[in-house]
Amino acid sequence: MVVLVTGSSGQLGQSLQHIAPNHKAIQFVFCTSSDLNITDIAQCHAVFKQYQPNYCINAAAYTAVDKAESEPEKAYAINVTGAKNIAEVCKAYNTVLFHISTDFVFDGTQKSPYTEEDLPNPTGVYGKTKLEGEKAVQQTWEKHYILRTSWVYSQFGHNFMKTMLRLASERDTISVVNNQIGTPTHAVDLANTLVQLIAVDNQQPTTPNFGIYNFSNEGQCSWYDFAKKIFEVNNIQIDLKAIPTSSFPTPAQRPAFSVLDKSKIKNTFGLSIKNWEACLV
């Protein structure tokens, strides 16, 4: 089985490379943006022709949430045009597509966890382009799984956990927002889940469960709670202050509440999902 991964230098891509040795039956093809620029349809076709993948995990994305506000064209090119290109070549080669999306497709005004049926209403460029990317995939190729995830972190790439650990080495005091609620997702957990879903799809090709699914770790917390736990498990003593979002203005508006309901993915695939705190230990 050949599984092609786009955006392999990102957090999820590196996490998939980390677990790849555990899955000898899968021939992973890891493509960085240099190997495969998803905004270039001709290059997409050339790479797919070379490797003939059974599955594609599209982990390539423009994820700089604040920067997207001043670079909308670039975000659109990668998150929308790129997603459509990948869906088109997947259709051409009958490749099942796993496309990664985000909790930012929601506005965060809801008080209960978001299900796959809740109406998206993104507030910023990043969320809007990711939603348009989802639609492009849905309209282009039926054999797709769209996974919406949230607050991704890992030992790889740039993320909140690594930022907190870096700041703790530079400062005595750190202020973190305490009124944005969501769920941290360990990228390695997401990577393992994708491999599980591929295995299920491969075993049941006659009854596929294509569509949109939510995946994050279990539980919920604020960014302040997340930072507190990060310092706790790393035995770091620091003066951590809780502040409201209004005290930390950013170019892009963040959802105040973006916890994802995982009932659908758990019931459909029989998944057992770890609590976010257990992943940090």
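The expected span of a helix is 1.5 Å times one less than its number of residues; helices here are DSSP runs of H or I with at least four residues, strands are runs of E with at least two, and both are numbered from the N terminus. This is a predicted model, where local features need pLDDT of at least 70 and side-chain atom pairs count only at pLDDT 80 or more, while totals for chains, interfaces and linings use all residues. Residues are numbered from 1 along each chain as its sequence is written, and side-chain values use heavy atoms, with hydrogens and water left out.

**View 1. Helix α4 and what covers it.** Helix α4 takes in residues 125-140. Its 16 residues should span 22 Å at 1.5 Å a residue, and because the end C-alpha atoms sit 22 Å apart, the two values agree. Buried residues (under 20% relative accessible area, with over 50% called exposed and anything in between partly exposed, for a 1.4 Å probe and protein chains only) include V125, Y126, G127, T129, K130 and L131 in this helix. Further along α4, G133, E134, A136, V137 and T140 are buried too. The cover over these buried residues includes α3 (72-92), β4 (96-102), β5 and β10 (211-214).

**View 2. Helix α6, residues 187-203.** This one has 17 residues and reaches 25 Å from its first C-alpha to its last, close to the 24 Å expected at 1.5 Å a residue. Its buried residues are A187, V188, D189, L190, A191, T193, L194, V195, L197, I198 and D201. The list includes two aspartates, D189 and D201. A general point to keep in mind: an α-helix has 3.6 residues a turn, so residues three or four places apart point the same way.

**View 3. α2 against α3.** These helices pack at an angle of about 35° with their axes 10 Å apart; axes are lines fitted to C-alpha atoms, for helices over the stretch in contact, and angles run from 0 to 180 degrees between N-to-C directions. The crossing of α2 past α3 is right-handed, as it is called when the near helix is turned clockwise from the far one by less than a right angle (anticlockwise would be left-handed). In contact (heavy atoms within 4.5 Å) are I41, C44, H45 and F48 of α2 with N85, I86, E88, V89, C90 and A92 of α3. By class, that contact has seven nonpolar, two polar and one charged residues. Here Ala, Val, Leu, Ile, Met, Phe, Trp, Tyr, Cys and Pro count as nonpolar, Asp, Glu, Lys and Arg as charged, and the others, Gly among them, as polar.

**View 4. α5 against α7.** Helix α5 (residues 160-170) and helix α7 (residues 223-233) pack at about 60°, axes 10 Å apart, and their crossing is right-handed. From α5, F160, M161, M164, L165 and A168 meet W223, F226, A227, I230 and F231 of α7. The class count for this contact is 10 nonpolar, no polar and no charged.

**View 5. N159, in the loop between β6 and α5.** N159 is buried, because its relative accessible area is 6%. Its side chain makes a polar contact with the side chain of Q11 at 3.1 Å; that term means a pair of N or O atoms within 3.5 Å, where within protein one must be able to donate a hydrogen and the other to accept it, and residues adjacent in sequence count only if both atoms are side-chain atoms. Leaving out residues up to four places away in sequence, N159 touches Q11, V152, Y153 and S154.

**View 6. E218, in the loop between β10 and β11 (221-222).** The E218 side chain makes a polar contact with the side chain of K266 at 2.6 Å. Not counting residues up to four places away in sequence, E218 also touches T183, K262, I273, K274, N275 and W276. C-alpha to C-alpha, E218 and E277 are 8.7 Å apart in space, with their positions 59 residues apart in sequence.

**View 7. Positive phi at Q52 and W151.** Neither of these is a glycine: Q52 has a phi of about 45°, and W151 has one near 45°. Q52 sits in the loop between α2 (41-51) and β3 (55-58), and W151 in the loop between β5 (144-149) and β6 (152-153). Q52 counts as partly exposed because its relative accessibility is 45%, whereas W151, at 9%, counts as buried.
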